[in-house]
Amino acid sequence: PDRFRSLTNPGLPLSGAGLRPLTIVAGKGGVGRSTIAAAYARAAADDGARVLAVDVVADGGLARALASMSEAPTSSATRGTLEVLELSTERALEEYIDLYLPLPIAPSRLGPIAAIFDYVATAAPGVREILTIGKIAYEVREGAWDVVVVDGPATGHCVELLAAPETLNELVGFGPLVDQTGWIEALLADPAVTGVVAVTLAEELPVSETLGLLDRLLTETSVDIAGLVVNQVPPVLGSASSAAAKRLIKGGGPLAEAARVAATRSTVAGHQFERLESLDLPTIDVAISPEPVDEAIASLEARR
């Protein structure tokens with residue numbers, strides 16, 4: 001819909017890195033989702049955007065990732081704003097009720113009725129997810145932010161989150177929650193607005209799970225896949241470096257084990273990159289670094 005397309009900021013230089021007005025960062029646990037989400041959010045804010053960074057798990061991981069990075073330069077007159085929202089189901093439910101079912105007091109203070117709301121949010125299929133994605137979509141639709149970056153839940157839960165409007169509509173078919181799913185579906189399905197950035201490591205299991213995630217996104221949701229980030233990439237040895245590593249391994253001594261580890265990780269990473277090349281997705285490599293968010297930002301900026 002045109003009202004969503006108008007949110008796209010064509011001047012935002014990070015568009016080449018997969019950034020959309022609604023960017024969902026997805027991947028299995030341990031691959032650095034929060035790090036990459038923090039990098040997207042901070043880089044967009046540094047480029048002048050008004051950014052809302054959403055932590056769907058609400059475990060503080062996104063806030064910690066942002067706090068761990070170096071201070072950005074303060075001389076830029078074009079810097080935007082960055083706010084962090086830790087989104088719990090309970091908060092999303094209260095905001096939904098406030099918007100669509102106004103009550104005189106918060107549902108958490110309604111005594112026995114609160115237990116009913118808790119049951120609905122946790123037991124009914126798709127309701128917990130629709131409350132969460134609905135809150136995120138509402139923030140995008142209202143236009144207070146140029147970019148909303150979501151640090152999504154782990155692999156399967158992320159698919160369920162993005163498929164929630166269709167799931168709820170199929171399972172329930174009527175009611176006030178279902179009435180809200182139409183515009184959320186349209187927003188999520190519009191590639192000018194919404195995109196998923198998948199994060200993986202250059203290792204066997206993370207790549208396999210990422211391939212599974214992408215397949216499920218394609219078959220179970222209408223959300224566009226904006227790109228792929230390969231995080232914590234080890235140095236990939238060239239022919240000369242590989243030959244030097246082999247000599248060190250054969251020679252034994254204190255450097256032999258280090259050379260063996262470097263050679264093994266390089267070989268594994270090279271094989272995993274071959275698997276990922278078949279996806280034909282815009283891909284960003286983020287090298288191993290003691291400052292992971294800063295390194296990720298540098299990699300994103302290189303794709304401008």
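User: How many bridges pair strand β1 with β5, and in which sense?
Analyst: This is a predicted model, so let's read the pairing straight off it. Strand β1 covers residues 22–26, and one rung of the ladder puts Ala26 across from Ala198 in β5. The two strands run in the parallel sense, and the count of bridges between them is five.

User: Where does Ala26 sit, and is it buried or exposed?
Analyst: Ala26 belongs to strand β1. Its relative accessible area is 0%, and the cut-off for buried is under 20%. So Ala26 falls on the covered side of that cut-off: it's buried.

User: Which residues does Ala26 touch, leaving out those up to four places away in sequence?
Analyst: Some of the contacts fall in β5, which spans residues 194–201: Val196, Val197, Ala198 and Val199 are among those Ala26 touches. Ala198 is also the bridge partner of Ala26. The rest of the list is Arg33, Cys158 and Leu213.

User: What is the C-alpha separation of Ala26 and Val229?
Analyst: Along the chain these two are 203 residues apart. Val229 falls within β6, residues 224–233, while Ala26 is in β1. In space, their C-alpha atoms are separated by 9.9 Å.

User: Which residue of β6 is the bridge partner of Ala198?
Analyst: Strands β5 and β6 run parallel and are joined by seven bridges. Ala198 already has Ala26 as a bridge partner. In β6, the partner of Ala198 is Leu228.

User: What handedness does the unit made of β5, α10 and β6 have?
Analyst: The path goes from β5 over helix α10, residues 204–220, to β6. That helix lies across β1, β5 and β6, and runs at about 160° to β5. The β-α-β unit is right-handed.

User: How many of the residues in β6 are buried?
Analyst: β6 has a partner in β5, through seven bridges, and another in β7, residues 283–287, through four. In the β7 pairing, Val233 stands opposite Ala287. The strand is mostly covered, and of its 10 residues the number buried is eight.

User: In what order do the strands of the sheet come?
Analyst: The protein has 13 helices and seven strands. The open sheet is formed by seven strands with parallel pairing. Reading across, the order is β3-β2-β4-β1-β5-β6-β7.

User: Why is one side of β3 and of β7 left without a neighbour in the sheet, and what is the average twist between strands?
Analyst: Both β3 (81–86) and β7 stand at the edges, each with a single partner strand, so one side of each has no neighbour in the sheet. Going from one strand to the next, the twist averages 20°.

User: How far apart are the closest N and O atoms in the salt bridge of Arg42 with Asp46?
Analyst: Both residues sit in helix α2, residues 33–46, and because they're four residues apart, about one helical turn separates them. Arg42 and Asp46 are each buried. Their closest N and O atoms are 3.4 Å apart.

User: Which residue does Arg275 meet in a salt bridge?
Analyst: This pair links distant parts of the chain, 71 residues apart, with Arg275 in helix α12 (residues 254–277) and its partner in α10. The partner has 44% relative accessibility, so it counts as partly exposed. The N to O distance is 3.4 Å, and the residue is Glu204.

User: What is the N to O distance between Glu220 and Arg216?
Analyst: These two lie four residues apart in α10, about one turn of the helix. Glu220 is partly exposed at 35% relative accessible area, and Arg216 is partly exposed too, at 29%. Their salt bridge has an N to O distance of 2.9 Å.

User: Over which residues does pLDDT stay under 50?
Analyst: Across the protein the mean pLDDT is 81, with 75% of residues reaching 70 or more. Where pLDDT is low, the predicted coordinates shouldn't be read in detail. The model does have 18 contacts beyond four places in sequence for the stretch in question, but pLDDT stays under 50 over residues 1–11.

Note on methods
Residues are numbered from 1 along each chain as its sequence is written. This is a predicted model: local features need pLDDT of at least 70, side-chain atom pairs count only at pLDDT 80 or more; totals for chains, interfaces and linings use all residues. Side-chain values use heavy atoms; hydrogens and water are left out. Buried means under 20% relative accessible area, exposed over 50%, partly exposed in between (1.4 Å probe, protein chains only). Two strands pair if DSSP finds at least two bridges between them. A crossover is right-handed if, with the strands pointing away from the viewer, the path from the first strand over the helix to the second runs clockwise. Axes are lines fitted to C-alpha atoms, for helices over the stretch in contact, and angles run from 0 to 180 degrees between N-to-C directions. Contact means heavy atoms within 4.5 Å. A salt bridge is a side-chain nitrogen of Lys or Arg within 4 Å of a carboxyl oxygen of Asp or Glu. pLDDT is the predictor's confidence in each residue, from 0 to 100.
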